[in-house]
Amino acid sequence: MGIKRRHWAGTAAPLALALLAATGCTSTSDTPAEPSGTPSASGAPSTSVARVCAKPAAGPANAPAGAVTVDPAVVGDLAAKTRNSPPNTTFWLRPGKHTLEADRYAQIIPKDGDSYLGAPGAVLDGRKTNQYAFSGAARNVTIRYLTVEGFVAPQDEGVVNHESADGWVIEHATIQNNSGAGLMAGARQQVRDSCLRGNGQYGMNAYKAGAPLTGLVVEGNEIAANNTDDWERRKPGCGCTGGVKFWAVNGADIRGNWVHDNRGTGLWADTDNNDFLIENNVLEANDGAALIYETSYNAVVRNNTFLRNNWVEGRKYADRGDTFPYPAVYVSESGGEPRIKARTDKIEISRNVLENNWSGITLWENADRFCNSPANTSSGVCTLLVPKPDRCARPAIAAAPLYTDCRWKTQRVDIHDNRFVLDTSVVKCTEKCDRMAVLANYGTYPDWSPYQGERVAEAITLEQNNRWHDNVYVGPWKFVAHDPSRVLDFGQWQATPYRQDTGSTLAPRAGG
């Protein structure tokens, strides 16, 4: 993939869910959160979350009619019976620990339409020897009620659906304690009611080489404590960590998941994603941002609850003296684009509760990052409006339409009817954890860039239809506009020239 994380120069009836008691600000990955059953301070009703890791659904205790029975006492039985059976076969794995041959490439290679059902207690164990559990190009494979653990996929590769084949359905599965990504994704893949926990890099890596990844559904899952191998420490700036990473996905529904205690980001859409619906999720106690939407387009983010995210990474940068407003929800070079087909033509962030996170929402553009710029960390990738990067070159880039189309623009972001609560005694901070921001850096590079100086900062702040309105703020919030040095109070934020948060209210004391 070779796509690395960006660096910035120097980033009405709201749903409320259960709050947790405050903990320390070190990594929470080893001590996953347990939601309480009480309402939050907002007084709104609590909503249940997907606790599927602690309470996995049980598979069939007996083999369905016509199924091939797989014996855990026979090493490699599942792979062998898959090879020797026709497409559209159902395999029922007896209770017990199933293993593969002692070869790193001894994985199961399904045929089109195959189904794998685990009996209660059925585990497929890679024994820290096999790299992959299920691979190949077969379409419409189903995996249900099965635990998959102990596989050692390399960085950026996955254990289940290693080749990102299309049409797979993963339901009531537990994919845990593997290296790399627990799961890859293909087009029209459905991942439902599953536990993606404790994997070395990602719970899921939604990446498919050479073809669009469309129609992805991720619903009702618990995505917890992933990135146990701490890849950002091993490869600083790699942008290769977190609960789920999405790359060039066109159409995704991310609903009803509990995304918590991941080392790094909870959900991260990075590079030419489009048409996302992110709703009714609980994103909680992730070390970094709960949600990053980066160099991407057109999304609806609604009715989610964000609790205690970014305590570790936000504090780390603040302790270094970094003035950038590192947030819980980070929109980086992403915006609404009516020319790209989607269910919306903007990024709408509405009816969410953000409570006791390290800062709130940041809208950011790096003036030096555009298609064909040496400063673009998504190397070799262009915007969805310009198919070939070499078109974004002088002199044409300095004029319409390329001046606009070669940039991933943070534009048409509509932030409304959210509730932002900050109690600094809970977060245990005195400064830099209280920011809402829209800003860019001063453009300097490369020397032929048409975006030098304050052009992008002026555009994102005043000209690209980025609006906050009709929100509720509780706590000592501050607001950043144009650049990190311009820190405003609520009145300045609402006044000319910014005119943000029309119809919004601010109660300086937290807890209401």
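Strand 29 (residues 361-365) is a mostly covered piece of this predicted model: five of its five residues are buried. Ile361, Leu363 and Glu365 point one way from the strand, while Thr362 and Trp364 point the other way. Neither set gets out to solvent by the burial criterion, as all of these residues are buried. That back-and-forth is what you'd look for here: in a regular strand the side chains alternate between the two faces of the sheet.

**Neighbours of strand 29**

What sits beside strand 29? On the one hand there's strand 26 (residues 329-332), which pairs with strand 29 in the parallel sense over four bridges. On the other there's strand 32 (residues 435-440), again parallel to strand 29 and again joined over four bridges. Thr362 is a handy residue to click on, since it has a partner in each of these strands: Tyr330 stands opposite Thr362, and in strand 32 the bridge partner of Thr362 is Ala437.

Zoom out and strand 29 turns out to belong to an open sheet of 11 strands. Its order reads 8-11-14-17-20-23-26-29-32-35-36, and the pairing is mixed. Which strands form the edges? They are strand 8 (158-160) and strand 36 (487-488), each of which pairs on one side only. Helix 6 (residues 455-463) packs on this sheet and touches strand 29, strand 32 and strand 35 (478-482). The direction of helix 6 makes about 135 degrees with that of strand 32.

Elsewhere in the sheet order, strand 17 (residues 242-246) and strand 20 (residues 267-270) run parallel, joined by three bridges. Phe246 has Ala269 as its bridge partner in strand 20.

**The annotated span and helix 3**

The UniProt record, an unreviewed entry, carries the annotation "domain: Right handed beta helix" over residues 161-310. In the model, that span is 48% strand and 3% helix, and its end C-alpha atoms lie 30 Å apart.

Helix 3 covers residues 311-319. Its buried residues are Trp311, Glu313, Gly314, Arg315, Tyr317 and Ala318. What covers them? Helix 5 (424-427) is included in that cover. Just after helix 3, Gly321 takes a positive phi of about 90 degrees.

**Disulfides**

How many disulfides does the structure hold? There are five. Counting the bonded cysteines along the chain, they follow the pattern 1-2, 3-4, 5-6, 7-8, 9-10. Three of the links are set out here.

| Disulfide | S to S distance | Torsion about S-S | Handedness |
|---|---|---|---|
| Cys53 and Cys195 | 2.0 Å | 95 degrees | right-handed |
| Cys371 and Cys382 | 2.0 Å | about -115 degrees | left-handed |
| Cys392 and Cys406 | 2.0 Å | -90 degrees | left-handed |

Start with the disulfide that joins Cys53 to Cys195. This pair links distant parts of the chain, 142 residues apart. Cys53 is in the segment before strand 1 (68-70), and Cys195 is in strand 13 (residues 195-197). Why does Cys53 count as buried? Because its relative accessible area is 11%, and buried means under 20%. Cys195 is buried too, with a relative accessible area of 1%.

Next come Cys371 and Cys382, whose sulfur atoms are 2.0 Å apart. The torsion about their S-S bond is about -115 degrees, so this disulfide is left-handed. Both cysteines lie in the loop between strand 29 and helix 4 (402-405), 11 residues apart. Cys371 and Cys382 are both buried.

That brings us to the link from Cys392 to Cys406. Cys392 lies in the loop between strand 29 and helix 4 and Cys406 in the loop between helix 4 and strand 30 (413-416), so the disulfide ties together parts that are 14 residues apart in sequence. Here, too, both Cys392 and Cys406 are buried.

**The chain as a whole**

Stepping back, the chain has seven helices and 37 strands. Of its 512 residues, 61% count as buried. The C-alpha atoms fill a box of roughly 70 × 55 × 40 Å along the principal axes. How does the radius of gyration fit with a compact globule? A compact globule with 512 residues would have a radius of gyration near 24 Å, and the chain has 23 Å, so the value agrees.

Note on methods
Residues numbered from 1 in each chain as written. Predicted model: local features only at pLDDT ≥ 70, side-chain atom pairs only at ≥ 80, totals over all residues. Heavy atoms only, no water. UniProt positions renumbered as here; feature names shortened; annotations may be inferred. Helix = DSSP H or I, 4+ residues; strand = E, 2+ residues; numbered from the N terminus. Buried < 20%, exposed > 50% of the residue type's maximum accessible area, 1.4 Å probe, protein only. Contact = heavy atoms within 4.5 Å. Pairing = 2+ DSSP bridges. Axes fitted to C-alpha atoms, helices over the stretch in contact; angles between N-to-C directions. Disulfide = S-S within 2.5 Å. Rg over C-alpha atoms; globule rule 2.2 N^0.38 Å.
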